[in-house]
Amino acid sequence: MRWMRRLAAATFLLGGFLAAGTVALADNYPSRPIRLLHGFAAGGAADTLSRIIADGLAKRLGQPIIVEAKPGAGGNLAADAVAKAAPDGYTLGLVTGAHAISAATYKSLAYQPADSFEMISTLVYYALVIAVRSDYSAKSLGELVAMAKEKPGSLSFGSVGFGSTHHLAGELLNATAGIEIVHVPYRGDSQSVTALLGGEVPVIVGTPVLLAPQIQSGAIRGLAVTSPTRTALLPDVPTVQEAGIKGYDVRTWAGLLAPKGTPPAIIAALNAATLDALKDPDLRQRLETAVGGEVRGSSPAEMKALIETEITKWSGVVERAKIPKI
């Protein structure tokens with residue numbers, strides 16, 4: 001009995017030391033600047049969101065947050081870099097809906113979208129825009145669909161890259177409307193807009209934040225937004241469903257994550273700082289204005305569940321649309 005009491009006491013003291021160490025770790029974090037990687041071109045929606053949330057986190061964590069764009073492969077290059085970074089809380093990633101889509105569009109990845117990371121929180125949900133140049137012959141989504149049906153495979157649409165939500169939004173339109181518009185990937189929203197204006201592609205799927213100024217100036221025509229309801233940033237642009245294509249719904253999202261193995265105390269500190277930042281009215285307005293979306297934070301567990309659900313959803317889209325995996 002004396003031996004058992006000593007063992008119990010030792011176990012209690014060890015647990016106390018470990019708990020104290022965890023608290024100290026959280027209290028001392030962060031002690032130097034933090035990198036925030038994202039996988040899309042500078043100037044696009046992911047870059048804008050990264051800089052807004054970086055500003056909010058820096059004020060709460062007391063250290064600079066350095067935003068670094070690492071575009072390519074629909075965000076996979078940046079995600080891989082985060083997965084392979086030291087799990088110390090000093091390398092974070094901002095991912096979008098494309099993070100889950102990658103699991104559906106690639107035969108294999110160097111990381112697991114749900115299991116190679118510690119989730120921190122979602123940030124915002126937003127729709128995309130299907131757009132053409134203002135002088136294009138199709139003045140509505142219905143007219144574009146009619147043109148595509150008349151000459152299958154003769155039209156093309158640009159996106160921010162293979163495996164992006166933009167890409168799958170176009171493929172889902174193909175499958176839902178019974179058309180065949182060929183996908184052309186670019187490295188970021190800005191390049192796809194340039195391609196549209198230059199006549200390289202007749203259609204693009206882009207983000208409201210980048211397309212809104214061009215739509216408002218009259219250079220580009222927004223044919224439809226991909227969500228079931230119109231976006232506040234482009235209230236005059238109808239939805240895909242309003243154009244008569246029922247059941248179509250594509251909304252992407254953005255969230256923060258860290259490498260697998262990042263200590264729970266650090267994840268908790270980052271989650272708390274993120275949720276606190278999202279309560280700030282000015283920051284919320286900046287995020288929502290940036291993408292024409294809705295700010296929505298989460299727990300790490302909720303974000304992981306979202307990614308797992310999205311993987312299942314987009315795997316079904318890829319299978320139904322018969323998109324070859326790469």
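**Exercise 1. Contacts along the chain**

Task: In this predicted model, what share of the contacts between residues at least 6 apart in sequence joins residues at least 24 apart?

Solution: Start with the contacts in the protein between residues at least 6 apart in sequence. Of these, 77% join residues at least 24 apart. Now take one pair as an illustration. Ala254 and Arg296 are 42 residues apart along the chain. Their C-alpha atoms are separated by 9.6 Å.

**Exercise 2. Overall dimensions**

Task: Find what radius of gyration a compact globule of 326 residues would have, and set the protein's value against it.

Solution: The expected value for 326 residues is near 20 Å. The protein has 22 Å, so the two agree. Next, take the extents. The C-alpha trace spans about 85 × 40 × 30 Å along its principal axes. Then the surface: about 14,100 Å² is exposed, with carbon and sulfur atoms supplying 56% of it. Of the 326 residues, 51% count as buried.

**Exercise 3. The largest nonpolar core**

Task: Which residues have the most contacts inside the largest nonpolar core, and which elements supply at least two of its residues?

Solution: Begin with the general rule. In soluble globular proteins, nonpolar side chains tend to be buried together. Here the largest nonpolar core holds 37 residues. Leu36, Leu49, Ile53, Leu94 and Leu256 have the most contacts inside it. Next, list the suppliers of at least two residues each. The strands are strand 1 (34-38), strand 2 (65-69), strand 3 (91-96), strand 4 (117-127) and strand 10 (251-259). The helices are helix 2 (45-61), helix 9 (264-278) and helix 10 (281-291). Helix 2 gives the largest share of this core, eight residues. Apart from this core lies another, of 32 residues, including Leu144, Ile179, Ala224 and Val318.

**Exercise 4. Ala254**

Task: Is Ala254 buried or exposed, and which residues does Ala254 contact beyond its neighbours within four places in sequence?

Solution: First, place the residue: Ala254 is in strand 10. Its relative accessibility is 0%. The cut-off for buried is under 20%, so Ala254 counts as buried. Beyond those neighbours, Ala254 touches Leu49, Leu94, Val95, Thr96, Thr122, Leu123, Val124 and Tyr126. Now check from the side of Leu49. With the same neighbours left aside, Leu49 is in contact with Ala254, and also with Leu94, Val124, Tyr126, Leu287, Ala290 and Val291.

**Exercise 5. A peptide bond**

Task: Where does Pro30 lie, and what is the omega of the peptide bond from Tyr29 to Pro30?

Solution: Pro30 sits in the loop between helix 1 (2-28) and strand 1. The bond from Tyr29 to Pro30 has omega near -10° and is cis.

Terms used
Residues numbered from 1 in each chain as written. Predicted model: local features only at pLDDT ≥ 70, side-chain atom pairs only at ≥ 80, totals over all residues. Heavy atoms only, no water. Core = buried A, V, L, I, M, F, W, Y, C linked by side-chain atoms within 4.5 Å. Buried < 20%, exposed > 50% of the residue type's maximum accessible area, 1.4 Å probe, protein only. Helix = DSSP H or I, 4+ residues; strand = E, 2+ residues; numbered from the N terminus. Contact = heavy atoms within 4.5 Å. Rg over C-alpha atoms; globule rule 2.2 N^0.38 Å. Areas by Shrake-Rupley, 256 points an atom, 1.4 Å probe, with all protein chains shown as cover.
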